[in-house]
Amino acid sequence: MMQRFQRLIKLKQARNGLLSYQRNFSALPSYAQCDDPQDQVLVEGRAKSRAAILNRPASLNALTIPMVARLKRLYESWEENPDIGFVLMKGSGKAFCSGSDVVSLCELLNEGKMEECKTYFQTLYKFVYLQATYLKPHVAILDGFTMGAGAGIAVPGMFRVATNKTVFAHPEAQIGFHPDAGASFYLSRLPGYLGEYLALTGEKLNGAEMIACGLASHYVLHERLDLVEERLGKLITDEATVIETSLAQYGDLVYPDKTSVLLKFEIIDKCFSHDTVEEIVDALESEAADDSYNEWCKNAIGKIKEASPLSLKVTLQSIREGRFQSLDQCLAREYRMSLAGMSKQVSNDVCEGVRARLVDKDFAPKWDPPSLEEVSKDMVDSYFSPLGEFEPELELPTALREPYI
């Protein structure tokens, strides 16, 4: 059994390389939404596998505290169960997962319940680490919206199946937060400076683009997902190679179209390789004079100027540090950053961004500070500083579950 686990770990680490190019798949049945925490994550039993179904379709399966806690418990029990060979995760409705339920988190903050917010981030990041070091094959079906922490709970897994309906994005800076749940690890490992571009602008990738840059491992048309799920449900195996063959059997070969951002690496690298957000904006404005990239540059500038200035600077530093850190180090740092953002000690940008974009929807946030020039180095540094004497750091089981680089 130990030899098999070691083989799985090696295969997983090889398959997890973000520069691999593969095909994809996904599934999307419709389930009734229920307010009972137990029903926010449904379970389907298969011959030799289990499926976890995120079940808040009206909220695009945004992750709540009970959902994350239940996922962690389920995955721990499934890993220990010798009768379960592999695990699958999917979403109900038109999303895989739109990320954290930031509206609920801000409500907790406004009620003075910071400890519950801490518990949420602790549980979420521990689940991401569990996913990344899971001893059994894992399949995530990324059909529909896959955003923020929704990507974080899927990308570290062994198999990530995208479809023609997949929409991937990290729009956290636009709501005054930062890409978390391991995002600074995998975004920083995308080709060139694509990670910086996605994190600062919040722009989207489709399923074909996820395959091309290695975020997804397989591609399957949405219309064929039932066939894929049926095939996987009948498998009696714990061998990753068998699951890989089954996914490839229904996979489709796709390429980004001629308008894809992935065909703009030259301009992305030229503009987003700079050391500061100010220099990135200056570079984009200079390039906007070129007819070849005029509209694209103007759009990128517009997206950046919509975001929180403080979040932009924090996000850029996070991606840059993530390039040289292992996943566990990224998660520990992101935990500090998340507590700093939610504590309101430096700024109230998180709740202000949530108010403007998700609650009142006036899309007119009052950022504090209001401009890049007014964001001091001390403000940014405070997000990366070790937690205080009486505030425990995020503890991950690295002694038991070896992190990978």
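This report describes a predicted model, taking up its confidence, its strands, its nonpolar cores, its cysteines and its unusual backbone positions in turn.

## Confidence of the model

Averaged over the chain, the pLDDT of this predicted model is 88, and 90% of the residues score at least 70. The N-terminal stretch is another matter: over residues 1–33 the pLDDT stays under 50, although the model has 124 contacts for these residues beyond four places in sequence. Where pLDDT is low, predicted coordinates should not be read in detail. That caution applies to residues 1–33, where pLDDT stays under 50.

## An open sheet of four strands

An open sheet is formed by 4 strands in the order S4-S6-S8-S9, with mixed pairing. Because strand S4 (95–97) and strand S9 (204–206) stand at the edges and have a single partner strand each, one side of each is left without a neighbour in the sheet. On average, and with direction ignored, neighbouring strands of this sheet are turned by 20 degrees against each other.

At the S9 edge, the pairing can be followed residue by residue. Strand S8 (residues 167–169) runs antiparallel to S9 and is joined to it by 3 bridges, and the bridge partner of Ala169 in S9 is Lys204.

## Strand S7 and its partners

Strand S7 (residues 159–162) is covered on both faces, with Phe159 and Val161 buried on one side and Arg160 and Ala162 buried on the other. This arrangement follows a general pattern, in that the side chains of a regular strand alternate between the two faces of the sheet.

Two parallel pairings involve S7. With strand S5 (residues 138–142) the pairing extends over 4 bridges, and within it Ala140 stands opposite Arg160 of S7. With strand S10 (residues 218–219) S7 pairs over 2 bridges, and here Ala162 stands opposite Tyr219 of S10.

## The nonpolar cores

The largest nonpolar core has 97 residues, and those with the most contacts inside it are Leu63, Tyr75, Leu124, Phe272 and Leu284. Helix H4 (residues 114–132) gives the most to this core, contributing 11 residues. When its neighbours within four places in sequence are left aside, Leu124 is in contact with Leu63, Val68, Ser100, Ala149, Ile153, Asp180 and Ala181. A second, separate core has 17 residues, among them Val220, Leu225, Val228 and Ile243.

Met89 lies in strand S3 (residues 86–91) and counts as buried because its relative accessible area is 0%, which is under the 20% cut-off. In sequence Met89 and Ala51 are 38 residues apart, yet their C-alpha atoms are 5.5 Å apart in space. Not counting residues up to four places away in sequence, Met89 touches Ala52, Leu54, Leu71, Tyr75, Phe96, Phe127, Gln131, His138, Val139, Ala140, Ile141 and Ile153.

## Cysteines without disulfides

The count of disulfides in the model comes to 0. For Cys271, the closest cysteine sulfur is that of Cys297, and the two sulfurs are 5.2 Å apart, so they are too far from each other for a bond; the cut-off for a disulfide is 2.5 Å. Cys271 also counts as buried, with a relative accessibility of 0%, and Cys106 likewise counts as buried, at 5%.

## Unusual backbone positions

Most residues other than glycine have a negative phi, and most peptide bonds are trans. Against that background, three places in the model deserve a look. The peptide bond from Asp368 to Pro369 is cis, with omega near 0 degrees, and Pro369 lies in the loop between helix H16 (349–359) and helix H17 (377–384).

The other two places are residues other than glycine with a positive phi. Asn61 has a phi near 60 degrees; its place is in the loop between strand S2 (49–54) and helix H2 (65–80), and Asn61 counts as buried, at 0% relative accessibility. Ala181 has a phi near 55 degrees and is found in the loop between S8 and helix H6 (183–186). Ala181 is buried as well, with a relative accessible area of 0%, and appears among the residues in contact with Leu124.

Conventions. Residues numbered from 1 in each chain as written. Predicted model: local features only at pLDDT ≥ 70, side-chain atom pairs only at ≥ 80, totals over all residues. Heavy atoms only, no water. Pairing = 2+ DSSP bridges. Axes fitted to C-alpha atoms, helices over the stretch in contact; angles between N-to-C directions. Buried < 20%, exposed > 50% of the residue type's maximum accessible area, 1.4 Å probe, protein only. pLDDT = per-residue confidence, 0-100. Contact = heavy atoms within 4.5 Å. Core = buried A, V, L, I, M, F, W, Y, C linked by side-chain atoms within 4.5 Å.
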